[in-house]
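Dear colleague,

I am passing the structure below on to you, together with some notes on what came out of going through it. Please read the notes with the coordinates open beside you.

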4 protein chains.
Amino acid sequence: MIKIGIIGAGRIGRVHGEGVTYGVKDAQVKAIADPFMNEEIKQWANGLGIASCYTDYHQILEDPEIDAVMICSSTDTHADISIEAIKAGKHVFCEKPISQDLAKIKEVMEALKETKLKFQVGFNRRFDHNFKAVRNAVEAGQVGDVHLIRVTARDPQAPPIEYVRVSGGMFLDMTIHDFDMVCFLSGCKVKEVYAAGAALVNPDIAKEGDIDTAVITMKMENGAIAVIDNSRQAVYGYDQRAEVFGSKGQVAVANDTGSSAVLSTQDGVIGEKPLYFFLERYMDSFKREVSEFVQAIVDDTEVPVDIEAGLQPILIAIAAKKSLDENRPIQLTEVQF
Amino acid sequence: MIKIGIIGAGRIGRVHGEGVTYGVKDAQVKAIADPFMNEEIKQWANGLGIASCYTDYHQILEDPEIDAVMICSSTDTHADISIEAIKAGKHVFCEKPISQDLAKIKEVMEALKETKLKFQVGFNRRFDHNFKAVRNAVEAGQVGDVHLIRVTARDPQAPPIEYVRVSGGMFLDMTIHDFDMVCFLSGCKVKEVYAAGAALVNPDIAKEGDIDTAVITMKMENGAIAVIDNSRQAVYGYDQRAEVFGSKGQVAVANDTGSSAVLSTQDGVIGEKPLYFFLERYMDSFKREVSEFVQAIVDDTEVPVDIEAGLQPILIAIAAKKSLDENRPIQLTEVQF
Amino acid sequence: MIKIGIIGAGRIGRVHGEGVTYGVKDAQVKAIADPFMNEEIKQWANGLGIASCYTDYHQILEDPEIDAVMICSSTDTHADISIEAIKAGKHVFCEKPISQDLAKIKEVMEALKETKLKFQVGFNRRFDHNFKAVRNAVEAGQVGDVHLIRVTARDPQAPPIEYVRVSGGMFLDMTIHDFDMVCFLSGCKVKEVYAAGAALVNPDIAKEGDIDTAVITMKMENGAIAVIDNSRQAVYGYDQRAEVFGSKGQVAVANDTGSSAVLSTQDGVIGEKPLYFFLERYMDSFKREVSEFVQAIVDDTEVPVDIEAGLQPILIAIAAKKSLDENRPIQLTEVQF
Amino acid sequence: MIKIGIIGAGRIGRVHGEGVTYGVKDAQVKAIADPFMNEEIKQWANGLGIASCYTDYHQILEDPEIDAVMICSSTDTHADISIEAIKAGKHVFCEKPISQDLAKIKEVMEALKETKLKFQVGFNRRFDHNFKAVRNAVEAGQVGDVHLIRVTARDPQAPPIEYVRVSGGMFLDMTIHDFDMVCFLSGCKVKEVYAAGAALVNPDIAKEGDIDTAVITMKMENGAIAVIDNSRQAVYGYDQRAEVFGSKGQVAVANDTGSSAVLSTQDGVIGEKPLYFFLERYMDSFKREVSEFVQAIVDDTEVPVDIEAGLQPILIAIAAKKSLDENRPIQLTEVQF
């Protein structure tokens, strides 16, 4: 039984708390820490049978019974806590992105070297049933050589301006998952990026120097071309689709809905909207990514999303931002690491 | 070039007039006859290049240049005109049903004997792209031995009571096409029929001794079971679906729409309603059935829907009516022919 | 926290054991009993934190800490154990069917009278996301007055002959769920039944006096007509569909698949087969039915599927069998209760 | 009755010949001209009732009875013949593209000035049922302000190298239709283009300096972003899809198939491939574009695709080629006209 400490009791910290308790075999959450620990969190933790609630995450790192930590704190703390956890001998599951600062990621990589600790990055979509099915088809050669990769990702609602301000920009905050999907689905790295973007949903987003609508084209190392289209606001719900096209055919996935019910009336033939947002859409994937992390610890095998894999989308996001700023295609080699 | 005379210039007569002119190679309409011939019909005929417009259809039968007649007059005249046409040496395309009176059908069969004339019945759905695809799959063995046949047929709007009164009842008027589909799709004859029916759409239909909603179960000679569900009024449009299920799988067809456009909004994911009614849905099949009729004349081959095939759905309809009246399953052998 | 004892550690007993542990709030499994209790079951129970494993279910009934029992033993024992449990003051969740013997069901009803105990029958499909969506649309009036109800239910594989022999026949074993769906989806009771059936999948099933293929037509008390089609073997997987058609439109649900992936190749446009069988398809519904049972105990409200609701499908199944035997429609009043 | 002369009896010339004869009211083809006129073409023309077959198209221009010409000759002759036809006082339907040489297009525009002649360019997809439905939804405001436009266009088979050599490159030959769709669907002009392309299907195409796979991003004048993805070879057939996404939702169209038949077997749930190529997919649109052209002549109204509309996709194609060559986004203003 792997004992886990969760650092950060915000939305994603709680998702993982419930996921581990109800959906992950061979693991249990022993403690949770949050600087804003309160009665409500304690009750929630108690309901899940979590033994300890701390204000200071160091208490988790100091607990010799805890095998692994899940870092669910704010993005700017991910790298430093990762390093501390590694030094404390804990396996680390770190929410994405590792950091917006490439130097910090280097430090984490440095700290990991020579240890035998597992380090997994929280790119949960790799564990989603739909995207997994696309990957499986590509890997099995069912589409042949990959020529085109298309990812559509649109949120149901733009975040508040306060969030936009600290998010690191749409590419690092939202598109980062899609950059990961492009790599994961194709099994290939990105060589060059061109980004077209605009603030069409909310002009206040432009005032913060950010965008809410984008099309990003990527040339892959194997010659294929990938394209992502993003919007911060699809009024019909969370639009999450992908297709991979190649010499032998194409595989595509559509949105998930709450049921397959179709109502036919005088007004038309009406199906359900996509599942609302990432909590509805990706809940199972959150459990599966932790299951595989735990299994990698138990079996001492490689984690499915290592720090190298976690780094790629950040490099692409930085290149995309540079492309947007300079309105030209950017080689990934132009991003210093 | 096969020269055709059309008898009856009502809706279906005109459909065939336009179909032959614009969609059938090796054929042209030379004359059209209707007891209520008027200026409007003449103008329509002129626009299509039809040379002669008659009040009396005998003028068509007497024209030695005319090779074939299409009988599109009222149902009660089909059999008698068929016999006259056969005697005049014309090939006959007769709209369905041949007659509601089995004795009359026998007379037509008698008249046909010893002639080499072609006689085709207007079961147009056999020529529809969707139903043809089902038939092809069944014939190719893709579903294996047939176990279940399902046909859904729902009209967008109930006919006026005046029409219901002279229609011969829903089974002979509307379900007759579905009885034909059951035979066509499965390649098998019906042995026994059980019909459950009700007037749920319009209580006035019940006053005429008719129904507007039905489920009809048929045991087929090969052991398979078929089921049809009917309604005189589907507010979302003409609902025309079928499936055949067997030992190796199933083949199913859905409704056709005007376009594949899907609109996603806050209200849902909205597709188009089915094409409105039989003119929209089956226009191509009207052309194809006549094309094959003409081809059978040109090549002197068998017509695709001969008088035997045209008889079966009438027998089943009569059995279904008897089942409804007596609330018991009826053997097809109970229907005297 | 409601403490549950599970009686019967076969497939469905274990499904509920895991369901309660991982998916039901406010409940835990305290004990499980099975006459063939063994090490393997004990290990499984231990992994779930189930405190006690018994050979004799009376130990569960005698435990004053246990609030409710889930009866997952063989069908012929359901009624007797139900009565014992009621006498022991336990709430009862009884797997379907309560009994194949109507007199026994009467005894259970008798035992329940004057108690305030909850008694729920395991018709899990009512808790399935798809069927719930159909029911919700009907209840909300979105299809208007109900005219037609269609249920398709086809298993991926026929059961072994040994199972067929003791199953009580296809109607009581398999179609019983569909009879429940007809009632649930329409919100209406059945008045008359006509069943057409055959053994087309496996001739050995006919030797046991049973069938594997059927179409069952039902006249509902409100005038609507329902139809079920069944097969014991759909080679493409578990086919579970339904539609309700009425004066304002139709609502229909399709099969669920493991993913929405569609592969387009030279061979066609290929989607996934339906989820394989009831464990894959209905797992969530098993959790939800127990959640609602537990909630009804906690809140002292009515259970969602009471013994009256559990009785109806059995009456219909018996009528359907009689219809098959006598080849005539059977009034439900002909079934003595 | 508008009398039409067709110049060029190749594939598209014949498509129009049959389309006008069988599908366009108020019009007839009076003559057809082709430098390689032969017996086979004459027989075909005779079958359609076309009175004259010429080797020299000037005979068409000189016939005072001919109201309009359809220019279906090789691309490099479109502009010159257009000018001659205009001078001869004929209305012109010119196949796309008008010319690959912008100076020539200017000459045609010049010739048209001061005349009242109709000049329509053959962008047939605007008349396709699916794309029309998208346009209608956008025009009706159903998607709100347009933010993203996506067009997928993939041919089933790459053309022979000999064709590639004289095609003007993929953008002018194939993508030109998609550039037109971007403008048509959004109702907006293109401001800037970035093209990423590669020869992944056939390396010989690269040797000719051309590509077979591309993603083209366009910034629209209203701020929206459009993206096209192309391939010269989709082994599953002609892939023709589009979506427009905006502030109120999205409208999308899928591929058309020969039937809606879906076969479910042990191997999967298998639908038909898209209609094979443009002749199968767009046949109706060829008739409709000519119908509207004829109607514009009859009613003296504006043609639906005028020379200005025909010019835009050429400008975008030239910009896209420049973008590909220089690997940078190109302003449309950089293309001299």
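C:Tyr238 and C:Phe277 are both buried, and in this predicted model their rings have centres 5.0 Å apart and planes at 70°, which is over the 60 degrees required, so the pair counts as edge-to-face. The pair links distant parts of the chain, since C:Tyr238 lies in the loop between β10 (225-231) and β11 (239-246) of chain C, while C:Phe277 lies in the loop between β14 (268-271) and α10 (278-299) of chain C, 39 residues apart.

In chain A, A:Phe277 has a relative accessibility of 19% and therefore counts as buried, the limit being under 20%. Over all chains, the count of aromatic pairs comes to 38. One of these pairs is A:Phe277 with A:Phe278, whose ring centres are 5.3 Å apart and whose planes stand at 80°, so that this pair is also edge-to-face. A:Phe277 and A:Phe278 belong, moreover, to one aromatic cluster, which they form with A:Phe131, A:Tyr238, A:Tyr276, A:Tyr282 and A:Phe286.

Turning to chain D, you may wish to look at D:Leu102, which is found in helix α5 (residues 102-112) of that chain. With a relative accessibility of 13%, D:Leu102 counts as buried, because the limit is under 20%. Which residues is D:Leu102 in contact with, once its neighbours within four places in sequence are left aside? They are D:Leu311, D:Ile314, D:Leu315 and D:Ile318, together with D:Val335, D:Gln336 and D:Phe337. For D:Leu311, the separation from D:Leu102 is 209 residues in sequence, whereas the C-alpha atoms of the two are 8.5 Å apart in space.

As for chain A as a whole, its secondary structure comes to 11 helices and 15 strands. Its radius of gyration is 20 Å, close to the 20 Å that the globule rule gives for 337 residues, so chain A is as compact as a globular protein of that length. The C-alpha trace of chain A spans about 55 × 55 × 45 Å along its principal axes, and 61% of the 337 residues count as buried. Of the contacts in chain A between residues at least 6 apart in sequence, 71% join residues that are at least 24 apart.

On the surface, chain A exposes about 12,600 Å², of which carbon and sulfur atoms supply 48%. Chain A carries 35 positive and 50 negative charges, and the mean positions of these two sets are 3 Å apart.

With best regards

Note on methods:
Residues are numbered from 1 along each chain as its sequence is written. Chains are lettered from A and ligands numbered from 1 in the order in which they are written. This is a predicted model: local features need pLDDT of at least 70, side-chain atom pairs count only at pLDDT 80 or more; totals for chains, interfaces and linings use all residues. Side-chain values use heavy atoms; hydrogens and water are left out. Helices (H or I, at least four residues) and strands (E, at least two) are DSSP runs, numbered from the N terminus. The radius of gyration is taken over C-alpha atoms; the globule rule is 2.2 Å times the number of residues to the power 0.38. Buried means under 20% relative accessible area, exposed over 50%, partly exposed in between (1.4 Å probe, protein chains only). Contact means heavy atoms within 4.5 Å. Accessible areas come from the Shrake-Rupley method with a 1.4 Å probe; for residues, only the protein chains shown count as cover. Lys and Arg count as positive and Asp and Glu as negative; His and the chain ends are not counted. The place of a charge is taken as NZ of Lys, CZ of Arg, CG of Asp or CD of Glu. Rings of Phe, Tyr and Trp (its six-membered ring) pair if their centres lie within 6.5 Å; planes under 30 degrees apart count as stacked, over 60 as edge-to-face and the rest as tilted.
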